[in-house]
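Please open the structure in your viewer and keep the selection tool at hand. The tour below proposes one selection after another and says what is found at each stop.

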Amino acid sequence: MEKTYLMIKPDGVQRGLVGKIVQRFEEKGFQLIASKLLHMSREQAEYHYAEHKGKPFFGELVDFITSGPVFAMVWQGDNIIALSRAMMGKTNPMDAAPGTIRGDYAVHVGNNIIHGSDSVESAEREIANFFSPQELITYEIPLQKVI
Ligand code: RTP
Ligand code: MG
């Protein structure tokens with residue numbers, strides 16, 4: 001089953017949006033297999049955003065993501081990487097459609113509420129940056145069938 005790393009950024013945590021955002025992914029039909037509130041180190045942040053190292057916004061991005069606690073989650077489901085990014089909306093909330101998380105709750109690109117992995121490789125790397133394998137709790141959902 002495909003897994004992804006979803007993270008409610010410090011702005012989403014401070015605005016009390018954790019419950020609403022978790023609810024969207026539950027209602028979609030995805031399965032939560034790990035979660036925790038954490039305040040990441042600069043090292044973890046620089047590793048998480050390594051692909052953006054050298055870009056003009058990198059310093060601000062690391063400052064922001066380490067400025068307060070984030071709500072880190074691992075979710076699983078078919079095609080969850082693409083589907084969760086569609087639910088999040090475009091990176092810049094100015095371009096994010098209403099009905100998406102960023103479209104509904106955010107205005108500025110630097111404060112766009114949520115992160116989601118963009119590939120299977122990124123998801124594996126990002127999950128390992130914040131969770132040990134023992135923290136991923138996979139479980140059967142007997143009444144769930146795929147048709
Ligand atoms: P994320 O990694 O946070 O899920 O977002 P994303 O894939 O949609 O966007 P990405 O290109 O990976 O950019 C990572 C985060 O950097 C901030 N950003 N700021 N000031 C800027 O021009 C700018 N561009 C990107 C955003 O907060 C974005 O989520
Ligand atoms: Mg990204």
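Is His 115 buried or exposed? Select His 115 and show its surroundings: this residue is buried, with a relative accessible area of 9%, where buried means under 20% relative accessible area, exposed over 50% and partly exposed in between, computed with a 1.4 Å probe and protein chains only.

**Before going further**

What you see is a predicted model, in which local features need pLDDT of at least 70 and side-chain atom pairs count only at pLDDT 80 or more, while totals for chains, interfaces and linings use all residues. Residues are numbered from 1 along each chain as its sequence is written, chains are lettered from A and ligands numbered from 1 in the order in which they are written, and side-chain values use heavy atoms, with hydrogens and water left out.

If you colour by pLDDT, which is the predictor's confidence in each residue from 0 to 100, you will find that the protein averages 96 and that 97% of the residues score at least 70. Where pLDDT is low, the predicted coordinates should not be read in detail. The model as a whole scores ipTM 0.93 and pTM 0.95.

**Stop one: His 115 and its contacts**

Return to His 115, which UniProt, in an unreviewed entry, gives the feature "active site"; UniProt positions follow the numbering used here, feature names are shortened, and annotations may be inferred rather than shown by experiment. His 115 belongs to strand E4, residues 114-116, and such labels are DSSP runs numbered from the N terminus, with helices (H or I) of at least four residues and strands (E) of at least two. Leaving out residues up to four places away in sequence, His 115 touches Tyr 5, Leu 6, Met 7, Lys 9, His 48, Tyr 49, Met 88, Arg 102 and Glu 126, where contact means heavy atoms within 4.5 Å.

**Stop two: ligand 1**

Now select ligand 1 and the residues around it, which include His 115 as well as Lys 9, Tyr 49, His 52, Phe 57 and Gly 116; a residue is listed if one of its heavy atoms lies within 4 Å of the ligand. Which side chains bring a polar atom to an oxygen atom of ligand 1? Arg 85 does so at 3.0 Å, Thr 91 at 2.5 Å and Asn 112 at 2.8 Å, through an N or O atom, and a polar contact is a pair of N or O atoms within 3.5 Å. Taken alone, ligand 1 exposes 560 Å², and the protein buries 77% of that.

From the ligand, move to His 52, in the loop between helix H3 (42-48) and helix H4 (58-65). His 52 counts as buried because its relative accessibility is 16%, and, apart from neighbours within four places in sequence, His 52 is in contact with Phe 57, Phe 58 and Leu 61.

**Stop three: Tyr 5 in strand E1**

Select Tyr 5 next, in strand E1, residues 3-8; with 0% relative accessibility, Tyr 5 counts as buried. Among the residues that Tyr 5 touches, beyond four places in sequence, are His 48, Ala 72, His 115, Glu 126 and Phe 130. A distance label between the C-alpha atoms of Tyr 5 and Ala 128 should read 9.5 Å, although 123 residues separate them along the chain. Ala 128 is part of helix H7, residues 120-130, and is exposed, with a relative accessible area of 58%.

**Stop four: two residues with a positive phi**

Most residues other than glycine have a negative phi. Where does Ile 113 lie? Look in the loop between helix H6 (101-105) and E4, where Ile 113 has a positive phi of about 75° although it is not a glycine, and where this residue counts as buried at 0% relative accessibility. Then select Asn 79, in the loop between E3 and helix H5 (80-88), which has a positive phi of about 55° and is exposed, with a relative accessible area of 52%.

**Last stop: the whole domain**

Finally, select residues 1-138, which UniProt lists, in an unreviewed entry, as "domain: Nucleoside diphosphate kinase-like". Over residues 1-138 the chain is 41% helix and 17% strand, and the end C-alpha atoms are 10 Å apart.

Notes
Polar contact = N/O pair within 3.5 Å; in protein donor to acceptor, adjacent residues only side chain to side chain. Areas by Shrake-Rupley, 256 points an atom, 1.4 Å probe, with all protein chains shown as cover.
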